[in-house]
Amino acid sequence: MNAQPAKIEIDVNVAAPAWEAVEGLEALVRDCLLKSLALSGAALAPACEISVTFCDDAMIRALNADWRGKDQPTNVLSFPTPGALQAKPLLGDVIVAYETVAREAAEQGKNLRNHAAHMVVHGFLHLIGYDHETAAEAEGMEALERKIAAALGFPDPYADDAEGLAGGTN
């Protein structure tokens with residue numbers, strides 16, 4: 001059973017001006033999160049909040065160094081709040097870095113908007129407990145990401161990615 005929250009508040013923060021070039025970013029985030037929630041079947045608190053911040057590589061590099069001990073930029077970071085999923089009024093934070101996501105999109109021949117949407121979905125799935133530390137976890141998470149992308153009308157985010165999530169998305 002999919003017990004969706006009575007109210008989910010989504011805060012979208014644009015901390016890097018380059019992201020303003022992505023039209024309708026707030027609506028895109030809302031669509032991605034609501035579809036991810038519906039298709040994941042996650043049971044959240046009756047009212048909860050999630051924050052999505054669109055930053056630059058400098059900001060995500062500092063966060064990655066401070067929280068993960070990796071002094072390098074990455075595409076997306078997720079910071080889930082502790083506790084049982086059904087009891088969290090604050091689900092957590094998703095942080096997406098412009099330069100890394102734009103570079104990956106260009107290298108992989110992907111549309112920036114679609115790749116940014118994938119990062120939001122990926123980050124959200126981490127907040128609700130998905131991971132890709134093992135091949136089995138990666139396979140399950142990727143399958144759900146593909147399903148969500150298709151439901152949103154986006155192409156398969158792993159169509160040309162032989163390594164999938166295990167290759168570096170956080």
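A residue counts as exposed when its relative accessible area is over 50%, and as buried when that area is under 20%. In this predicted model, A58 has a relative accessible area of 56%, so A58 is exposed. A58 belongs to helix α2, which covers residues 57-68. Its C-alpha atom lies 13 Å from that of L77, a residue 19 positions away in sequence.

A16 gives the opposite case. With a relative accessible area of 6%, under the 20% limit, A16 is buried. A16 sits in the loop that joins β1 and α1. Between the C-alpha atoms of A16 and V76 there are 14 Å, with their positions 60 residues apart along the chain. Over the chain as a whole, 45% of the 170 residues count as buried.

**Overall form**

The chain has five helices and four strands. Read from the N terminus, these elements follow the order β-α-β-α-β-β-α-α-α. The radius of gyration is 15 Å, close to the 15 Å that the globule rule gives for 170 residues, so the chain is as compact as a globular protein of that length. Along the principal axes, the C-alpha atoms fill a box of roughly 40 × 35 × 30 Å.

**Nonpolar cores**

The largest nonpolar core is made of 40 residues. W19, L44, I50, F54 and V96 have the most contacts inside this core. Two or more of the core residues come from each of these elements: the strands β1 (7-14), β2 (47-55) and β4 (90-97), and the helices α1 (25-40), α3 (98-108), α4 (112-127) and α5 (135-152). Helix α4 gives the largest share, eight residues. There is also a second, separate core of six residues, and C55, I60, L63 and I95 are among them.

**Cysteines**

A disulfide is a covalent bond between the sulfur atoms of two cysteines. The model contains zero disulfides under the rule used here, which asks for two cysteine sulfur atoms within 2.5 Å. Two of the cysteines are set out below, each with its distance to the closest cysteine sulfur.

| Cysteine | Closest cysteine sulfur | Distance | Relative accessible area |
|---|---|---|---|
| C48 | C32 | 16 Å | 4% |
| C55 | C32 | 17 Å | 0% |

Why does C48 form no bond with the closest cysteine sulfur? The sulfur of C48 is 16 Å from that of C32, which is too far for a bond because the cut-off is 2.5 Å. The sulfur of C55 is likewise too far from that of C32 for a bond, at 17 Å. C48 is buried, and C55 is buried as well. C55 also belongs to the second core.

**The second largest pocket**

How much space lies in the second largest pocket? The volume is about 230 Å³. The pocket is lined by 20 residues, of which K110, N114, P155, D156 and P157 are the closest to its centre. Helices α4 and α5 are the elements that give two or more residues to this lining. The largest share of the lining comes from α4, with five residues. By type, the lining residues divide into 10 nonpolar, six polar and four charged.

Helix α4 thus appears in two of the descriptions above: it gives the largest share of the largest nonpolar core, and also the largest share of the lining of the second largest pocket. Helix α5 gives two or more residues to that core and two or more to the pocket lining.

Methods:
Residues numbered from 1 in each chain as written. Predicted model: local features only at pLDDT ≥ 70, side-chain atom pairs only at ≥ 80, totals over all residues. Heavy atoms only, no water. Core = buried A, V, L, I, M, F, W, Y, C linked by side-chain atoms within 4.5 Å. Buried < 20%, exposed > 50% of the residue type's maximum accessible area, 1.4 Å probe, protein only. 1 Å grid on protein atoms, 1.4 Å probe; cavity = no way out; pocket = protein on both sides within 12 Å on 5 of 7 lines; lining within 4 Å. Points joined across faces, edges and corners; volume = space filled by probe spheres on them. Nonpolar A, V, L, I, M, F, W, Y, C, P; charged D, E, K, R; others polar. Rg over C-alpha atoms; globule rule 2.2 N^0.38 Å.
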